[in-house]
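Reader: I'd like a close look at one part of this protein, the disulfide and the strands around it. Can you walk me through it?

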Amino acid sequence: MARPSVRRTTAVAAVLALVAAGCSDPATPPATAPTLIGPASAAPAPPTGPSPVPAARAGLGGRPSPSARPCTVFPADNVWHADVSRLPVHPRSAAMIGAIGGAATVHADFGSGRWEGAPIGIPVTVVPAGQRRVPVTFGYAGESDPGPYPVPPDAAVEGGPDGTGDRHVIVWDRAACRAYELFDAHRSGAGWRAGSGAVFDLRSNRLRRAGWTSADAAGLSILAGLVRYDEVAAGRIDHAIRVTVPRTRTGWTWPATHSASSATDPALPQLGQRLRLKRSVDLSRLPRQARIVAEAMQRYGLLVADHGSAWFLSGAPDPRWDNDALHALGGLRGSDFEVVDAAGLMVSAGSGATG
């Protein structure tokens with residue numbers, strides 16, 4: 001992920017968080033001794049009796065306590081959930097699509113199984129209420145939300161424990177309805193060290209401070225833009241999807257808060273740019289999993305979040321993904337997309353709420 005200087009590009013060719021500092025509560029012991037259920041685990045059966053808190057840390061399919069207040073990933077009026085299917089095309093759309101790669105194909109950078117020994121995608125670790133908070137030190141402390149964070153010692157790391165890529169760690173505390181997101185995360189003593197970290201109140205539309213990064217180059221939440229199996233199984237993704245592009249120009253486009261480039265070429269997109277799969281693209285022949293992802297790209301679009309391979313879509317690993325179905329997204333090319341002008345959605349530069 002990019003830092004205040006020019007971001008290094010993630011070379012992936014696999015098949016493959018802002019709240020106030022006062023949110024850092026004192027460390028508290030866990031309500032129960034958590035047992036890791038892998039982030040790609042299938043959803044467990046519903047509980048048979050009342051339980052005040054989840055008995056164990058679960059993966060994305062895990063279910064919170066029935067008594068818990070539901071935790072959605074940002075409010076319904078948040079920009080991530082905005083329908084952009086009828087927004088006007090950006091006047092420089094053709095140039096920006098060309099700069100990203102008009103002939104390059106879409107790639108689902110997530111799936112089932114493993115690639116080079118690691119799950120395919122960005123894993124999410126769901127923790128129970130009362131998960132013990134631990135210290136986290138940051139290389140870019142000036143733009144990171146201070147710890148401690150409720151990151152368990154066995155939290156899933158993108159690329160696996162020995163991964164050499166971005167090494168994102170995403171922790172979802174559903175009881176508190178917060179996401180804790182780390183870039184370049186490594187175990188360190190009783191806690192963790194990371195390049196940067198951000199905490200997102202998932203019930204709030206507040207954006208990060210202007211100029212601040214997050215665990216992502218754009219200063220956005222990673223969790224918000226991940227394709228998750230539970231969404232596709234339900235038949236609908238209701239948010240924009242995180243996408244990487246090879247290069248961006250300096251500055252950022254709302255709702256991003258951070259720039260990771262010094263390039264000034266107006267043909268380049270900015271971080272935060274909203275892209276959309278054209279309505280004219282026929283999706284009827286795509287297999288179900290791929291079609292649901294493509295339908296979301298037509299209605300909610302893509303958000304340019306980081307530098308990396310062109311048209312790489314981000315998602316969480318899960319053993320129930322059909323990799324062959326996801327590979328069908330490779331039939332879509334950059335030329336099937338357009339850049340939209342989302343400025344009319346903005347209510348306030350410091351908020352992700354839409355009007």
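Author: Here is the disulfide, followed by the strands around it and a few spots further along.

A word on the ground rules: this is a predicted model, in which local features need pLDDT of at least 70 and side-chain atom pairs count only at pLDDT 80 or more, while totals for chains, interfaces and linings use all residues. Residues are numbered from 1 along each chain as its sequence is written, and side-chain values use heavy atoms, with hydrogens and water left out.

Taking a disulfide as a pair of cysteine sulfur atoms within 2.5 Å, the count comes to 1. That bond joins Cys71 to Cys177, with S to S at 2.1 Å. The torsion about the S-S bond is about 90°, so the disulfide is right-handed. It ties together distant parts of the chain, 106 residues apart: Cys71 sits in the segment before helix H1 (93-100), and Cys177 in the loop between strand S6 (169-173) and strand S7 (178-183). Helices and strands here are DSSP runs, numbered from the N terminus (H or I, at least four residues, for helices; E, at least two, for strands). Both Cys71 and Cys177 are buried, which is to say under 20% relative accessible area with a 1.4 Å probe, protein chains only (exposed is over 50%, partly exposed in between).

Now for the hairpin that holds Cys177. S6 and S7 have 4 residues between them, and Cys177 takes a positive phi near 55° there. Strands count as paired if DSSP finds at least two bridges between them; S6 and S7 run antiparallel with 5 bridges. Val171 stands opposite Tyr180 of S7. On to S7 and S10: these are antiparallel as well, joined by 6 bridges, and Leu182 stands opposite Gly197 in S10. S7 is mostly covered, with 5 of its 6 residues buried.

Past S10 (196-201), in the loop that leads to helix H2 (229-234), you'll find Ser214. Ser214 has 0% relative accessibility, so it counts as buried. Its polar contacts (N or O pairs within 3.5 Å; within protein, one atom must be able to donate a hydrogen and the other to accept it, and residues adjacent in sequence count only if both atoms are side-chain atoms) start at the side chain: Ser214 reaches the backbone oxygen of Leu220 at 2.8 Å and the backbone nitrogen of Asp216 at 3.0 Å.
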